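This report describes how some helices and strands are arranged, and then turns to a few unusual backbone values. Please look at the structure first.

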Amino acid sequence: MTSPDAYNVSCFSCRNSFDALQASWCSCLVVERTLVCPHCLGCFCKSSPAYKQKFWRDAPKALWDRKFQEHASDYSPPPNPEPDAVTRPLVLVVDDEREIQKVATRVVAGLGYCVILGKNGAEGLELARRYKPNLVLTDALMPKLDGREMCRQIKADPEIGATKVIVMTSLYTTAKYQTEGYRVFKVDGYLAKPLDLTALTAILQKHLG
């Protein structure tokens with residue numbers, strides 16, 4: 001019989017059982033993070049809707065309380081330092097969702113890179129010209145300026161044209177859209193949302209070392 005102090009579930013990836021009440025939140029760049037299996041260290045951000053629905057439908061109040069606390073925590077983006085105060089490699093994260101900003105700051109900084117934030121494509125372009133980051137990690141769809149169009153303008157600027165630009169998206173994932181991104185907008189790479197730590201680490205190491 002399951003203890004009232006435990007919520008044992010089957011991992012979406014490895015199928016091993018673990019206590020979700022004792023699990024840690026993942027580091028994925030998503031608005032709603034999921035929990036990490038202690039056996040395979042995988043989360044269920046990319047699981048089927050049916051798995052997520054069952055997981056939360058059966059979850060005890062204690063886990064719901066953790067979830068509400070996770071999403072209710074206030075977050076104010078830290079102010080960007082002055083350009084002469086940043087260290088390199090420097091990553092510019094551009095996204096209009098505050099939750100994504102929060103997670104991106106934690107993950108990128110945790111990997112040892114200096115990070116600055118932009119809230120939309122227009123601001124991201126301005127920051128790219130001012131700070132000359134080594135890499136821009138941008139959402140695809142944003143107000144004021146689309147992430148791919150921001151990339152095109154960065155690449156067209158002779159002063160920052162060498163900047164690597166990676167587009168995060170849950171929409172432009174087909175070969176057709178990605179080919180268009182490479183040819184028309186000069187995108188250096190795509191990362192599918194929800195984005196996990198392994199994928200982000202790999203792309204940062206590929207372009208920044």
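Contact here means that heavy atoms lie within 4.5 Å of each other. Angles between axes run from 0 to 180 degrees and are taken between N-to-C directions. The model is a predicted one.

**Sheet and helix H4**

Five strands form an open sheet in the order E4-E3-E5-E6-E7, and the pairing is parallel. Its edge strands are E4 (114-118) and E7 (189-192), each of which pairs on one side only. On average, neighbouring strands of this sheet are turned by 20° against each other, direction ignored. At one edge, strand E6 (residues 164-169) pairs with E7 in the parallel sense over four bridges. Met168 stands opposite Leu191 in E7.

Helix H4 lies across strand E3 (90-94) and E4, and runs at about 165° to E3.

**Helices H4 and H5**

Two packed helices are described by the angle between their axes and the distance between the axes. For H4 (residues 121-131) and H5 (residues 147-156), the angle is about 25° and the axes are 9 Å apart. Angles under 35 degrees count as roughly parallel, and H4 and H5 are therefore roughly parallel to each other. Their crossing is right-handed. On the H4 side, the contact is made by Gly121, Gly124, Leu125, Ala128 and Arg129, and on the H5 side by Met150, Gln153 and Ile154. The residues of this contact divide into four nonpolar, three polar and one charged.

**Backbone exceptions**

Most residues other than glycine have a negative phi, and most peptide bonds are trans. Which peptide bond is cis? The bond from Arg88 to Pro89 is cis, with omega near 10°. Pro89 lies in the loop between helix H2 (61-72) and E3.

Arg15 and Lys186 have a positive phi, as the table shows.

| Residue | Phi | Loop | Relative accessibility |
|---|---|---|---|
| Arg15 | near 70° | between E1 (8-10) and E2 (17-19) | 55% |
| Lys186 | near 65° | between H6 (175-184) and E7 | 44% |

Is Arg15 buried or exposed? Exposed means over 50% relative accessible area, so Arg15, at 55%, counts as exposed. Lys186 counts as partly exposed because its relative accessibility is 44%.

Methods: Residues numbered from 1 in each chain as written. Predicted model: local features only at pLDDT ≥ 70, side-chain atom pairs only at ≥ 80, totals over all residues. Heavy atoms only, no water. Helix = DSSP H or I, 4+ residues; strand = E, 2+ residues; numbered from the N terminus. Parallel < 35°, antiparallel > 145°, perpendicular 65-115°, else oblique. Left-handed = near helix turned anticlockwise from the far one by under 90°. Nonpolar A, V, L, I, M, F, W, Y, C, P; charged D, E, K, R; others polar. Pairing = 2+ DSSP bridges. Buried < 20%, exposed > 50% of the residue type's maximum accessible area, 1.4 Å probe, protein only.
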